[in-house]
Amino acid sequence: MLQLRNIIKDFGDRRLFAGINWHIRPADRIGLCGENGTGKTTLLRILAGEVHLDGGELQTARQTTIGYLPQDGLVHDGRSLFEEVRSALADLLAMEAELRSLEAQIGEDSPSTLLERYAEVQDVFRHRGGYTMEAEIGRVLGGLGFAENDWQKPCEEFSGGWQMRIALAKLLLQRPNLLLLDEPTNHLDLPARDWLENYLSDYPFAVVLVSHDRFFLDRVVNRIVELWNGALTEYPGNYSAYLTAREQRITALRAARVRQDEEISRIESFINRFRYQANKAAQVQSRIKQLEKIERIDVPPERKSIAFKFPAPPKGGRQAMELEDVEHGYGTLSVLQDVSLHIERGERVALVGANGAGKSTLMRLLAGIEAPRSGSRREGHNLHLAYFAQDQARVLNPEHTVLEELTAAAPFDMVPRVRDILGAFLFSGDDVLKSVAVLSGGERNRLALAMLLLRPANLLLLDEPTNHLDLQSKDVLLRSLLAYEGTLVFVSHDRYFVDRLATRVVEVGGGQALSHLGNYEDFLRAKAADGDRSHSAERVEQHQAASATGAAGAESTSGASYEERKAARREERRRQKQLAEIETLIETGEENLAQLEARLADPGLYEDPERSRQIAAEYQSLQDEVGVLYQRWESLQLEESA
């Protein structure tokens, strides 16, 4: 239905796309992946016809309709929500108006042509869902989180995130043949994401989307297209399958590159050796031509990602935090009523619910930023609390450099480690001298997260810590939090993040905060068992089926019981602890080996044969010990992938 042929796109002196060829077929569901800055958004805009090409051709099949949802920048005003969304169905509305007009003209003596036209329009109108369009508008608005009492509100009363939901609703109702979505889940809470996953899974036409939500990609797409170095590489399957296949491909490419480099080195060595010998001139020219024909293998560089671990938490009491009979709100609005919440040491509690339900309000109460209007908040023994607000990046001082901002927040004993912490969050070299004002959303969030490492805490309160982070950075943050030994309360709209991390889910809504043991999938199952279909149980079954048919190496604990996952987490902590101990031993062993190598390289050592033999034996013994440590380390790493 759509084909790119030898597409070239330049930005200044940088070539973003170098002769891209790509074919999108009807009913394809494609996830477009790649590092930040590789051109994913630009490629979507090319497909949407919004960007001029510097070379190549974009071919589109006849009658192809294209719908594009950008990341931000859309504003709607001048109409009510319902009328704005209804305007997306212009063709159906025109047919409806024609039917009303024809009905007014039809009488006893109407000509057959008028009756035929009425029957023809009515048939098309019925076939395209004209008689159910009001119900479909309501279904889409409800699925995306709009309450029925919002329908008559003027569009200008909705904030930026809700403006994007309005745009998405209009796009879904138009049902284009090719749906292009750039981060469609950015402004959606978990219930709305769940609904959109189901909607797109049943969508009858082609979808191409960019998303930093791993669970969403696993559920929706059947093909991953990776953008790197101006070229595209396709992988069948979902995102989990892509991770496994990509690693296998990169490993094979590296091995092929090594062999190619060895071959090139041999050819160049021959050329350099015999270049000036007349009797070898023909062979030299042959080797030069052979060298020119070799197509050099490009290997993607190692992906940069955050690499850190939280400081060991101070010892605290069994009860980390308590809220008793809390009521809180703003003015006449009561957000939370009679809420009691007890958080025990070592728990990982996820707060879930629709946007505006009160999750961030509850987090501010737990953090002590706001005091409840009634009820009590009690801290556990020796509590050391760290709070990451949803808008934490906004409180950074824009006049500071990155280095100045972190140094200003650091206690005296941590100042020498500030550069190390920044390096772990991908701020190195001149990056630390960047002004906070010019940082991207992702960079600001990384800097705000880095501040959490400045002081050890035994209770972390994280409100949307994954915002603006790419998939790799989210994964490293997840691993760091899994290894964290303190207590955690968090809000996230990333389903994979919540499923992997939570040991308890607290549903916030209707002024209440209700607890459910287990992760989000256990929560869905419990809701369905209680007859609550607002979080469709089908999603649990569908995800379990998707997990069963996903990549062999994909991480999944969906089918395990709560107790099994709890035991698995204990085992994972044990494994992580052993890994850390072995890595320390390896580091010490390699330092000692380096010292012994320096001694063995000293010619004076061999003046004493007995001493030299002793040092050599010591070196061999230590080398064997380090080899055994590496084998144990690899075995523990394999346990994880298993």
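Before anything else, a helix here means a DSSP run of H or I that covers at least four residues, and helices are numbered from the N terminus. Please also keep in mind that what we are looking at is a predicted model.

With that term in hand, let me start inside the protein, where the structure holds three cavities of 30 Å³ or more. I will take the second largest one to begin with, which has a volume of about 70 Å³, and whose lining draws most on helix α6, residues 160-174, with four residues coming from that helix. Among the residues that line this second largest cavity are Gly 161, Met 164, Arg 165 and Leu 168, together with others such as Leu 69, Pro 70, Asp 182 and His 187. If we sort the lining of the second largest cavity by class, we find six nonpolar, three polar and three charged residues.

Now to the largest cavity, which contains about 110 Å³ of space. Its lining is made of 14 residues, and those closest to its centre are Cys 33, Gly 34, His 212, Leu 471 and Gln 472. Which elements each supply at least two residues of this lining? They are strand β3 (29-33), helix α9 (239-274) and helix α15 (471-483). By class, the lining of the largest cavity has six nonpolar, four polar and four charged residues.

Let me move to the start of the chain, where strand β1, residues 2-11, and strand β2, residues 14-24, run antiparallel and are joined by eight bridges. These two strands form a hairpin with two residues between them, and in the turn Gly 12 has a positive phi of about 60°. Within this pairing, Asp 10 stands opposite Arg 15 of β2.

Next come the aromatic residues, for which a search of the whole structure finds 13 pairs. One cluster is formed by Trp 195, Tyr 199, Tyr 203 and Phe 205. There are also arginines placed over rings: Arg 287 lies over the face of Phe 270, at 4.1 Å from the ring centre, while Arg 446 lies over the face of Phe 427, at 5.0 Å from the ring centre.

Finally, let us step back to the whole chain, which is divided into domain 1 (77-157), domain 2 (243-293), domain 3 (319-530) and domain 4 (571-639). How many Å separate the centres of domain 1 and domain 4? Taken over C-alpha atoms, the separation of those two centres is 76 Å.

Definitions and conventions: Residues are numbered from 1 along each chain as its sequence is written. This is a predicted model: local features need pLDDT of at least 70, side-chain atom pairs count only at pLDDT 80 or more; totals for chains, interfaces and linings use all residues. Side-chain values use heavy atoms; hydrogens and water are left out. On a 1 Å grid over the protein atoms alone, a cavity is a set of points where a 1.4 Å probe fits but cannot get out, and a pocket is an open set with protein on both sides within 12 Å along at least five of seven lines; lining residues have an atom within 4 Å of a point. Grid points are joined across faces, edges and corners, and a volume is the space filled by probe spheres set on the points. Ala, Val, Leu, Ile, Met, Phe, Trp, Tyr, Cys and Pro count as nonpolar, Asp, Glu, Lys and Arg as charged, and the others, Gly among them, as polar. Domain bounds come from an automatic or database domain assignment. Two strands pair if DSSP finds at least two bridges between them. Rings of Phe, Tyr and Trp (its six-membered ring) pair if their centres lie within 6.5 Å; planes under 30 degrees apart count as stacked, over 60 as edge-to-face and the rest as tilted. A charge sits over a ring if NZ of Lys or CZ of Arg is within 6 Å of the ring centre and within 35 degrees of the ring normal.
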